[in-house]
Amino acid sequence: MMRKNRSGRRISLFVTIWLLVIWLLLFGQIDALTVIGGLLVSFTVQLVFPLPHSGFIRNIHPWHTIILATRFLWDMVRAAIHVAVIVITGRRYRCSIVRIPLRCDDEIIVAIVAAMTNLVPGTIVVSIDRDRSIIYLHVFDIDAQGGPEGVRATTQGQELRVLRAFGSPEELKKRGVTT
């Protein structure tokens, strides 16, 4: 729910609650004065530092978000074990930089894909070409990942899960993604 004040700036109920929760966590107590102070700070922050409205919250698909989170956690655990085994055993490995074309050019979706990819041990986003929707990854032990094609397939699969979890109906239709 968004409300515009007289100057045209937006006050978001979601952002207000989010900032209030952070305020209460910082103070570690809930009383009337802390809640009122948190609300005042929340409104002031939104008025002084307005953010553009993205509509992102409306596009969250709960079932696909659960699938995304589950697969992401599995990928993180599996990759952490893989990296640990290589470090402990001293097995030789080969690194590589892989160019991965993405199907989506929405900045929020690309940012989520890049952030999640960075969090998986053994992969680091080196560069993102926003104009052409291309991401460049440095990959640890490229051979164990199925070579460049395996890395592309894994990353593009992650992008598809992110699109299904957070893509707008228009974005999903434009990209031919079914839910």
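This note goes through the predicted model point by point, from its basis to its cores, surface, strands, salt bridges and individual residues.

1. Basis of the note. The model is predicted, so that local features need pLDDT of at least 70 and side-chain atom pairs count only at pLDDT 80 or more, while totals for chains, interfaces and linings use all residues. Residues are numbered from 1 along each chain as its sequence is written, and side-chain values use heavy atoms, with hydrogens and water left out.

2. The largest nonpolar core. A nonpolar core is here a set of buried Ala, Val, Leu, Ile, Met, Phe, Trp, Tyr and Cys residues joined through side-chain atoms within 4.5 Å, where buried means under 20% relative accessible area, exposed over 50% and partly exposed in between, with a 1.4 Å probe and protein chains only. The largest such core has 15 residues, and those that touch the most other members are Leu-68, Ile-109, Ile-112, Met-116, Val-162, Leu-163 and Phe-166. Two or more residues of this core come from each of helix H3 (62-89), helix H4 (107-119) and helix H5 (147-166); helices (H or I, at least four residues) and strands (E, at least two) are DSSP runs, numbered from the N terminus.

3. Val-162 and the second core. With neighbours within four places in sequence left aside, Val-162 is in contact with Leu-68, Ile-109, Ile-112, Val-113, Met-116 and Gly-167, contact being heavy atoms within 4.5 Å. A separate, second core consists of eleven residues, among them Leu-102, Val-110, Ala-114 and Ile-142.

4. A nonpolar patch on the surface. Phe-14, Trp-18, Ile-22, Leu-26 and Phe-27 make up a nonpolar surface patch that has about 560 Å² of accessible area together. Patches are made of residues with over 30% relative accessible area and no salt bridge, with like charges joined within 9 Å and nonpolar side chains (Val, Leu, Ile, Met, Phe, Trp, Tyr) within 5 Å; the areas come from the Shrake-Rupley method with a 1.4 Å probe, and for residues only the protein chains shown count as cover. Of the patch members, Ile-22 is found in helix H1 (residues 13-27) and counts as partly exposed, at 33% relative accessibility.

5. The paired strands E4 and E5. Strand E4 (residues 123-129) and strand E5 (residues 134-139) run antiparallel and are joined by six bridges, where two strands pair if DSSP finds at least two bridges between them. Ile-128 has Ile-135 in E5 as its bridge partner. The hairpin has four residues between the strands, and in this loop between E4 and E5 lies Ser-133, a residue other than glycine whose phi is nevertheless positive, near 55°. Ser-133 counts as buried, at 9% relative accessibility.

6. A further positive phi. Asp-141, in the loop between E5 and H5, is likewise not a glycine and has a positive phi of about 55°; with a relative accessible area of 2%, Asp-141 is buried.

7. Salt bridges. The structure holds nine salt bridges, each being a side-chain nitrogen of Lys or Arg within 4 Å of a carboxyl oxygen of Asp or Glu. One of them joins Arg-71 to Asp-75, at 2.9 Å from N to O, and both residues lie in helix H3, four residues apart, or about one turn of the helix. Arg-71 is partly exposed at 31% relative accessible area, whereas Asp-75 is buried at 7%. Another links Arg-132 with Asp-129, the closest N and O atoms being 2.7 Å apart; here Arg-132 is exposed, at 53%, and Asp-129 is buried, at 17%. Arg-175 and Glu-171 also form a salt bridge, with their closest N and O atoms 2.9 Å apart, and salt bridges that share partners join Arg-71, Asp-75 and Arg-78 into one network.

8. Arg-164. This residue is placed in helix H5 and is partly exposed, at 24% relative accessibility. Leaving aside neighbours within four places in sequence, Arg-164 is in contact with His-61, His-64, Leu-172, Val-177 and Thr-178. By C-alpha positions, Arg-164 and Val-125 are 22 Å apart in space, with their places 39 residues apart in sequence counted as their separation.
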